[in-house]
Structures are given as structure tokens and as C-alpha cells.
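The report that follows describes a protein model, moving from single residues to whole chains and back again. Please keep the sequence and the coordinates at hand while reading.

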Protein chains: 2
Amino acid sequence: MIKPHTAPGTLELLPTEQIAFQRMLDVIRSGYERFGFLPIETPAYELTDVLLTKTGGETERQVYFVQSTGSLEKAAAQDDPALPELALRFDLTVPLARYVAEHEHQLTFPFRRYQMQRVYRGERPQRGRYREFYQCDIDIIGKDGLSPRHDAECPAVIHTIFTDLNIGAFTIQLNNRKLMRGVFEDLGITDTDQQVAVLREVDKLDKRGPDAVRETLVGDCYGLAADAVAALLTLVATRSTSHDDALAILDRVQRESAGSATLATGVAELREVLSVLRDLGVPESDYALNLSIARGLDYYTGTVYETTLDDHPEIGSVCSGGRYDDLAGQYTKSKLPGVGMSIGLTRLFWQLREAGIVGTAESTVQVLVPQLDEAHLPQCLALATDLRQGGINTEVVLDGGKLGKQLKYADRAGIRFVAIVGAQEVEAGTVTIKDLRRQDQFTVARDEVVPAVRVELAQPLDVSRD
Amino acid sequence: MIKPHTAPGTLELLPTEQIAFQRMLDVIRSGYERFGFLPIETPAYELTDVLLTKTGGETERQVYFVQSTGSLEKAAAQDDPALPELALRFDLTVPLARYVAEHEHQLTFPFRRYQMQRVYRGERPQRGRYREFYQCDIDIIGKDGLSPRHDAECPAVIHTIFTDLNIGAFTIQLNNRKLMRGVFEDLGITDTDQQVAVLREVDKLDKRGPDAVRETLVGDCYGLAADAVAALLTLVATRSTSHDDALAILDRVQRESAGSATLATGVAELREVLSVLRDLGVPESDYALNLSIARGLDYYTGTVYETTLDDHPEIGSVCSGGRYDDLAGQYTKSKLPGVGMSIGLTRLFWQLREAGIVGTAESTVQVLVPQLDEAHLPQCLALATDLRQGGINTEVVLDGGKLGKQLKYADRAGIRFVAIVGAQEVEAGTVTIKDLRRQDQFTVARDEVVPAVRVELAQPLDVSRD
């Protein structure tokens, strides 16, 4: 006998947890659609040549390759086999680039897509790090150009979603890579590679602390002037406390600039993003400038975002992204600038569960019809059919057993209502409804069951669960 | 530059097709939940040892193995490398068996689960055959026993789903492997392997025709008596035309039996399934006995199902399944009988599209707010926010351009409403709503836009699209 076991680094949920997870997926999907994003899905694997055009060493080492038996055998027979033909996607961005380039002439630009699928990375498994995990991405892809106004849409939809997820206060933090690059230009660091390297060091502020970062930057490797580093570290410590404060910070950064055009562009873009965010009605308490955000990758070129939960800073960013100049340069000559954000839902769910913020949900089953007497099974089945046709998720007990045990099952399974059809009810033409949450019960005429249960379901529960 | 291309044997959809596909997924999910099935998801890959316990040669040859770079390198260094540690699931049944066995003590039985995920088979790619495809499965798993009444629940939920999918008339066809085995016993074919072999031949009736099958069965390989074969072929040609006809057929089969107890059990089970199906309100026009259904696999032990579209017999079965004695014997000593059905949605979608039954859907975007004048962008954004907060999926044009072009975009994208805020509207405190489907327009006060659009969206469209 084989021990049944999931592969390491995967998160598998029990049904009640899966329902909670699915509700989060539904909130995200509904938010993305509310803001006019269109769904796409791509295959789990791509041709290796297509997937690995751009990637460096680390990503390639984390890629999972896919091979049929035939292809395995062929490889085994060769001394120096080529990489397998297929590989699992490690994010949704490369598949998006391939999708947009492949279907370019059938899409309308700006192309606003959302995609919620699993991705795969052969990372060392750690607590809360998964090898298979959901990403829920939105991106807006322009052709030749894309107004910075779109950079405000991503945080606006993320704001709606995190509000609807109801997992506590959060802040969407904004920065702009052009502003940062302009600051470097003003400091005399004009080499792009060095800018990226310094940004990487700055990005380690949270982990290493300002002293260690300062030491690195004035040290041999970078050799920056102490006052330049001091100015830089002051700048990256900047956080806005309100919309007007954010504008004031931008004014100050502009005023103090030695004249970098890149900085001026970054400031102007952030001003536009802030303005559209306010026009979209996003409350100023929920977004802020944070001039420390660089986003590890040198991929982003303009606006960058991170999102943190106010009461759980230890979780780190739960939704990040940014603006990039060209999505699919490796596949097409068309210039496709874009902006996007991504929620890593598997990790977020795990973290929220660890922090006790999400637990198991109520069952998707809303009503259980128990079986008191086999003789009344036809009445039970007819009742279940009426409830289902009324849009109410209903389970019928087909195997029978003691009523107490059936009620206990409903309670433990998180099913709120039990609709009882016993001898008494059949004779009287009624149904007894038990509300297991409210510990309450009432009797209703048989032909009024559906509206009655609907009314109950529509009322918010006072009694909290979990 | 790399040519952007999906891997062979995958189906990738444009957004409007993806919306149509997603609507089908939503109908299926909602049907499964209506009948009290709980969601689970499992990882795309399983440990190879766990996945390949039961399978024969063909399945194993179709399995896709998964390997990280490190594991590839290790294998390349060995003369006779073991199979890779991980493999992609080829169906949802083996992962279900592993799931139920792994989490057995945390589940309640009967365990009613649905699962809608992609599976992977390294088949030779053919028109309409995919290597990656969605399966949408329901199963009910009992512990030690499971009433045949559950065998009626699967076709009842499938009936609801195919009705809601609105893809034309369909028939859910039923048979029972015990009835068939009993018939063999009555004919003197008592060896189980030979029964399975004969059932396999009978299963080829559609492809080979009765004459070829008759010839095989009376031939050297099987050596059956000509009148036994004639009786068998008459039996398997039996189809019921109504509920009462189905019962009459069962009476006749029972009456004509030479006394097989297995046959009597099969007949009794089918009677119970038919009775519960009727009690659940499934119309008798939509189900039938079809005594030819054997379902290739020797996996099934009781009720078996196939579902065909009445107007498209060429498509074959679009939803199949059956009853099995023991789900997870390879992983647990517990006896776990079950019954289930599966919709292969990727193939079904492709077939329906080929047959012109489904096409592209209306956009998920319900309202487009065009941009007439940049000066009114704040009003456009505020309107979009109100619509979105009212639950209406809304896109705002942020880049501007000519109104005619923006309207054309909405029309081509399948967006039904356009909500215009121009200088006139801003001054009058109104919004002009264009209904692109009805070719109609009206003006409404700014603060009545949301209820007005809601009313419009709630009204069924007379004008058909596509």
C-alpha cells in the first residue's frame, strides 16, 4: 500500500478552507471585472524556448520542465540531451507577453486583462513559501503608448478588492522609478547599471537597516560621497501622511532637484496618478507615497506599488507591481508598454490563516434536508428540488440515520439551515426550519419554504462564527 | 526574436471566448453547489509513486513528468535514472483517491466533492483532442457503503447543469454493470475477464456495427453460441422511451432472466435510481435506459452514465461516469465505494464552438464611459466609481480619442452600454446612456444613473447577438 501524500511545497485545503479560498478568488475576480478587465487563461506549460528567452540563471534553475515518457527515453539515450521541450510557467507575465504578441492583431489596445492561475517554481520549500501557488494579475497593455492615468487604475481596483476581502486596514504605497533615477542623476550617478545596483542596496533597507546600507554605499564597491548617501537615505525614508502631504513631498523633491529631466517626469507621473486616484474616490487614508520602494527587479520603469496590511507589517507586501516600458520585446517589434499588479493568493491565504484573519468559511451548502423516515423520502426530494430551483444550495440526506446525528453533521459542516419534513409536517403541509447559527426554529407552509429561507439568508447574521 | 507560440495540444482562447468558457464553468460550479457538493482543488502534480500505483501501460506512457533543473542534471549523470519524482495528473480521480485517503479522518462521509481543474495527457494531438484540458467532476464517496440513491443525484445535477448551459436538448443515458454481468451469467459466461472482454466488444457496436461485433463474438476468440450473441445484441439495442417504458424494460429483463442474482441486483438498483430521479423532478424526456452503455473501463461496477446532445449525436458522450466499488484501495484499508460523473469541458467547448452552438459572449464589461473632453475626466471617473460601487462592471476611456472610435470599440468588444458625460451633460447634471444592442439612447439625471442602468441590465434582450 502506498502512503497517500501531496508533493512537498504544495498547499492543499480541506473543503471548508477551500470555500474560504474560493471566496477570496471570487472577490478578486469580481473586483477585476468591476473595473473592466477581461479574463484570459494560458496553458500551464509553455515551449521552453518561448518561456526562457529573457530569464537569468536563478529563474531558469527554478523552472520545472515537463516531459512525456517518450521524451524522457529519448533524453536518456543521448549523451548531452537538450533542455526538455516544455516547461511550467513561473509567473503570469511571460505568458501574458507571449499571449499579447501571439494574438496581437485580434486584441484591442489598451488591452486590459486579468488572469488568475497557478504558477510553478522549484524553490527550496520553506514555511509559507510554495512551489505551486496562485497569482491573480491585472495588467493594462498599451500599443506605442499608455497614459500614466492607467497607473492609477491598478491601485484603485486593488483598493476595491482589499476593501471587499475585509481583512483589515491596508495601505497601497507608491513610488516612481523615474523619480528615483532622477535623484541618482542629480547625485551624479548616471550609469544605469550602477543606479540599479544602488537601488538594490536601498531595497535592502528593511532587512539590513540604514547603517549597513550606508556603509555599503560609501564603501569601496560604490564609493558614494557621505552627504549624497545621507540625502538618499533621507529621501527613501519619506512617507506621505495624506494626499496633500504627498503633493507637498513631490513639490519639495522637485524644488530640491539639481534639474534632472527624469526626476521631473517621475514627479509629474506621480502627480497624475495621485490626481486620478482621488478622482476615482479612493480614500487618502489608504494610499501613500513611500520613496523607499524600488521593487527588486530592474524590470519596472515608472510607477511601482506595494501593499501592506496596517496591522500586520510582518507579512510584508501582499500586492505589488508597476509600470514597464515594453512587455514583449522578445516576441514582437511592436512597442507594448504596460502597468500591472499581482496578488500572490496562496501565500496571502496562508499568511492570513496563520495570523488568524481568515479561517474556514460557512459551507456552500445552505440547507440540509434530513431524512427522518424513509417513507417521506419523496417529499424530502421534492422539497430539495424546490429549494434548488429557488437558487438555494441544498443537500438531502439519502442514507438516513438518527436525526440528532444528522443535525450534528450539519452543524459541524457549517450548514446553517435544516429543513425538516417529518410525519407531522407532511400531514400539516408544513416544513420545520431550524437555524443552527441562531439556535432558532420556525414552521412554515410547504409552498412558502423557498421565499422564507431566502428572507433568512438575506439577513445578516449577528452571531459571529470562528 | 522568438516566435510566440503556445505548446501543441493546448487550447488558448481570446478574451470574448474566455468569457463564454468562464460562463460555462460558472454554470457548472453553481449547479454542483446547488446540489450540495463541496469544492476541492489538488496540486497539478503528484508524487510519481502516488500517481502511478494503479495504472497500466498506456496511461503511464501518456503521463507528463515534472523535473527541476537540478533533478534533470542528476538524471543526466546516471546511466539508468529512476522515473522523475513528480508527474502531472492525468485525471481528477486518482488525485481524489489520494485526497480522500490522505484526509480521511478530517472528512465527513458520504463525502460529496466537486473539482474543476485541468488535467494533462501526452496524447498524440488531434483535432479537438487536447493534451491539457479541464475536467469538471463530481463524486460522492461513502465509507463502507453508499446507497444507490446517490446514483440518481449525479444525473440530477448534470440535468440541471445541461439545462442551464442552454445548449439544446440532451439525454442522460443509464445502464448498470451488474445487470450486464447478470445477463452474461445467464448466458453461461461466468469468467469475469471474459465478461469484461465481451463488454469491450459490445462497447464497439457504434464504431464497428452489429455484424462485425457478432462475427467477433461467435468467432474463435470468444466462441459464443449464435443465439446467445443474438440475445445479447437484442438486449444492448434496448433504449427506453419514457419512465414507464424503462420500468417495463427492467420487468422484462428480470422476467427473461435465467435467475442470476447479479442481474436482479442490477435491475433493483436501476429501479431505485429511476425512482429517485423522478422524485427529484427530472423530466422523463431527459433520461433513458440504454443497455448498450458499458463504459470502456472495467473500473465501474454498478450504474454507468453517458450524456448525449439530441441534435448532435456525432459529438458522442459529453458527460460520463458511474459507480465504483472502492475508490482508494491502493492508499487505504478503508472501503470507499463511490459514484461520479465528469464533464470534459475543454473538448465540449471546442465541439460546441465547431457546431456553432456557443460563440463569443457579451463582454464582462457592462458600461463604457468614453472620454469626450479631458476637462471632464474627473466627472467621468466619479461616474465610473458610482457605477462600480453599484455593482456594474465599468471601463473608462483614459486615453481619449474620437467619440466615434470609442463607440466602435465598445460595439466590437461586446460592451452593451455607453455612459456619456460631455459638456452638455455636465452642465445639465445628466448622463446620456446609449444601448448599443437596442440601438437606443436616453438621458438620465446624474444621481439616477446607477438604478437606471441596473433596470436596463435586468431586462432581457430581445435582439439576439451572434
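## A histidine between two chains

His5(B) has a relative accessibility of 37% and therefore counts as partly exposed. The model in which this value was computed is a predicted one. His5(B) belongs to the segment that precedes helix H1 (15-34) of chain B, and, when residues up to four places away in sequence are not counted, the residues that His5(B) touches are Glu46(A), Leu47(A), Val50(A), Arg98(A) and Glu102(A).

## How the chains are related

A turn of 180° with a shift of 0.0 Å along the axis lays chain A on chain B with an RMSD of 0.1 Å. That is the relation of a two-fold axis. Within chain A, the C-alpha nearest the axis belongs to Val66(A), at 2.4 Å from it. The same surface serves both copies, in that 100% of the contact residues of chain A recur in chain B.

## Chain A as a whole

Chain A contains 18 helices and 16 strands, and its C-alpha atoms fill a box of roughly 90 × 65 × 45 Å along the principal axes. Of the 466 residues in chain A, 59% are buried, while the accessible surface of this chain comes to about 19,000 Å², with 47% of that area belonging to carbon and sulfur atoms. Among the contacts in chain A with a separation of 6 or more, 68% are between residues that are 24 or more positions apart. Chain A carries 50 positive and 68 negative charges, and the mean positions of these two sets are 2 Å apart.

## Helix H15 and its surroundings

Helix H15 of chain A takes in residues 377-389, and its 13 residues reach 18 Å from the first C-alpha to the last, which is close to the 18 Å expected at 1.5 Å a residue. Which residues of H15(A) are buried? They are Leu377(A), Cys380(A), Leu381(A), Leu383(A), Ala384(A), Thr385(A), Leu387(A) and Arg388(A). As background to such a list, an α-helix has 3.6 residues a turn, so residues three or four places apart point the same way.

Both flanks of this helix can be described as well. His376(A) is placed in the loop between strand E12 (367-369) and H15 of chain A, and, because its relative accessible area of 12% is under the 20% limit, His376(A) is buried. Apart from neighbours within four places in sequence, His376(A) is in contact with Val421(A), Gly422(A), Ala423(A) and Val426(A). On the other side, H15(A) is followed by Gly391(A), whose phi is positive, with a value near 85°.

## Backbone features in loops

Two residues other than glycine with a positive phi are set out below, each with its loop in chain A and its accessibility.

| Residue | Phi | Loop | Relative accessibility |
|---|---|---|---|
| Asn166(A) | near 60° | between helix H6 (150-165) and strand E7 (170-176) | 66%, exposed |
| Gln439(A) | near 55° | between strand E15 (430-435) and strand E16 (440-445) | 72%, exposed |

For Asn166(A), the relative accessibility of 66% is over the 50% limit, and the residue therefore counts as exposed. For Gln439(A), the relative accessible area of 72% is likewise over 50%, so this residue is exposed as well.

Cis peptide bonds are found in loops too. In chain A, such a bond joins Phe109(A) and Pro110(A), with omega about -5°, and Pro110(A) lies in the loop between helix H5 (93-102) and strand E5 (111-120). In chain B, a cis peptide bond joins Phe109(B) and Pro110(B), again with omega about -5°, and Pro110(B) lies in the loop between helix H5 (93-102) and strand E5 (111-120) of that chain.

## A buried threonine in chain B

Is Thr307(B), a residue of strand E9 (residues 303-309) of chain B, buried or exposed? Thr307(B) is buried, because its relative accessible area is 0%, which is under the 20% limit. Not counting residues up to four places away in sequence, Thr307(B) touches Ile158(B), Phe170(B), Thr171(B), Ile172(B), Gly316(B), Ser317(B), Val318(B), Cys319(B) and Met341(B).

Terms used: Residues are numbered from 1 along each chain as its sequence is written. Chains are lettered from A and ligands numbered from 1 in the order in which they are written. This is a predicted model: local features need pLDDT of at least 70, side-chain atom pairs count only at pLDDT 80 or more; totals for chains, interfaces and linings use all residues. Side-chain values use heavy atoms; hydrogens and water are left out. Helices (H or I, at least four residues) and strands (E, at least two) are DSSP runs, numbered from the N terminus. Buried means under 20% relative accessible area, exposed over 50%, partly exposed in between (1.4 Å probe, protein chains only). Contact means heavy atoms within 4.5 Å. Accessible areas come from the Shrake-Rupley method with a 1.4 Å probe; for residues, only the protein chains shown count as cover. Lys and Arg count as positive and Asp and Glu as negative; His and the chain ends are not counted. The place of a charge is taken as NZ of Lys, CZ of Arg, CG of Asp or CD of Glu. The expected span of a helix is 1.5 Å times one less than its number of residues. Copies are superposed by least squares on the C-alpha atoms of residues with pLDDT of at least 70 in both.
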